[in-house]
Every structure is written in structure tokens, then in C-alpha cells.
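Me: I have a structure to go through and some terms I do not follow. Please take them in turn.

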Amino acid sequence: MGFLRASLDMGGVEVAALCDIRQDAVSRGIDLVQTRLNSKPASYVGGDTHYKKMLERDDIDAVFVATPTRWHGPMATDSARARKWVY
């Protein structure tokens, strides 16, 4: 939520999708985006690799990896291979 809030505060961003293994986290993010941008991002919720389905989207330019440290490497690598900017 911290990265999402900061990004929205900067302005000039679009949020095409949110992904988490927890539905409550995705729901909070969707609510925030709807309040701030009046648009509803797609959601990817479930297992440890659901983010890979999100990476197939052509309308996503950048990915913020805000996960436990052990996931940073694999997620960043997969995101870069999908031609996304990784933060």
C-alpha cells in the first residue's frame, strides 16, 4: 500500500493491475485506486505465481515488487523478461 499511495500521490500514473496472494490486500488497493483515479484495476490473486499471468499484459509498463525479500529476485527477473520496468 505504501508504494501504491506514493505513486498515486506523484500523479501521472495509471494502475492497470494489482497482484497479491491475499484477497484483502488486493481489495484495499482496488478501493484506493478507485477513490483516487476513478478507475478499477484488474486483480490477480491467489498462488505464488499468479503474478506471471499479470506480466503477460501489454498495457503494463512497470512493476513494483513489494514482497518478502526471497521473492525479489525471481519476480524482478520474470518482470524484466516480460519487458517491464522493475522497481
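Reply: Start with contact: it means heavy atoms within 4.5 Å. By that rule Ser7 touches Val13 and Phe64, not counting residues up to four places away in sequence. Keep in mind that this is a predicted model.

Me: Why is Ser7 called buried?

Reply: The relative accessible area of Ser7 is 10%. Buried means under 20%, so Ser7 is buried. Ser7 lies in helix α1.

Me: What makes the link from the side chain of Ser7 to the backbone oxygen of Phe3 a polar contact?

Reply: The side chain of Ser7 reaches that oxygen at 2.9 Å. A polar contact requires a pair of N or O atoms within 3.5 Å, one able to donate a hydrogen and the other to accept it.

Me: Why are α1 and α2 called roughly parallel?

Reply: Helix α1 (residues 2–10) and helix α2 (residues 23–37) pack at an angle of about 10 degrees. Angles under 35 degrees count as roughly parallel, and therefore α1 and α2 are roughly parallel to each other. Their axes are 11 Å apart. Where they meet, α1 brings Leu4, Arg5, Leu8 and Asp9, and α2 brings Gly29, Leu32, Val33, Arg36 and Leu37. By class, this contact has five nonpolar, one polar and three charged residues.

Me: What makes up the largest nonpolar core?

Reply: The largest nonpolar core has 10 residues in all, including Ala17, Tyr44, Met54 and Ile60. A nonpolar core is a set of buried residues of certain kinds, joined through side-chain atoms within 4.5 Å. Helix α3 (51–55) and helix α4 (69–81) each supply at least two residues of this core. The most comes from α3, with three residues. A second, separate core of eight residues includes Val15, Leu18, Val26 and Leu32.

Definitions and conventions
Residues are numbered from 1 along each chain as its sequence is written. This is a predicted model: local features need pLDDT of at least 70, side-chain atom pairs count only at pLDDT 80 or more; totals for chains, interfaces and linings use all residues. Side-chain values use heavy atoms; hydrogens and water are left out. Axes are lines fitted to C-alpha atoms, for helices over the stretch in contact, and angles run from 0 to 180 degrees between N-to-C directions. Helices (H or I, at least four residues) and strands (E, at least two) are DSSP runs, numbered from the N terminus. Angles under 35 degrees count as roughly parallel, over 145 as roughly antiparallel, 65 to 115 as roughly perpendicular and the rest as oblique. Ala, Val, Leu, Ile, Met, Phe, Trp, Tyr, Cys and Pro count as nonpolar, Asp, Glu, Lys and Arg as charged, and the others, Gly among them, as polar. Buried means under 20% relative accessible area, exposed over 50%, partly exposed in between (1.4 Å probe, protein chains only).
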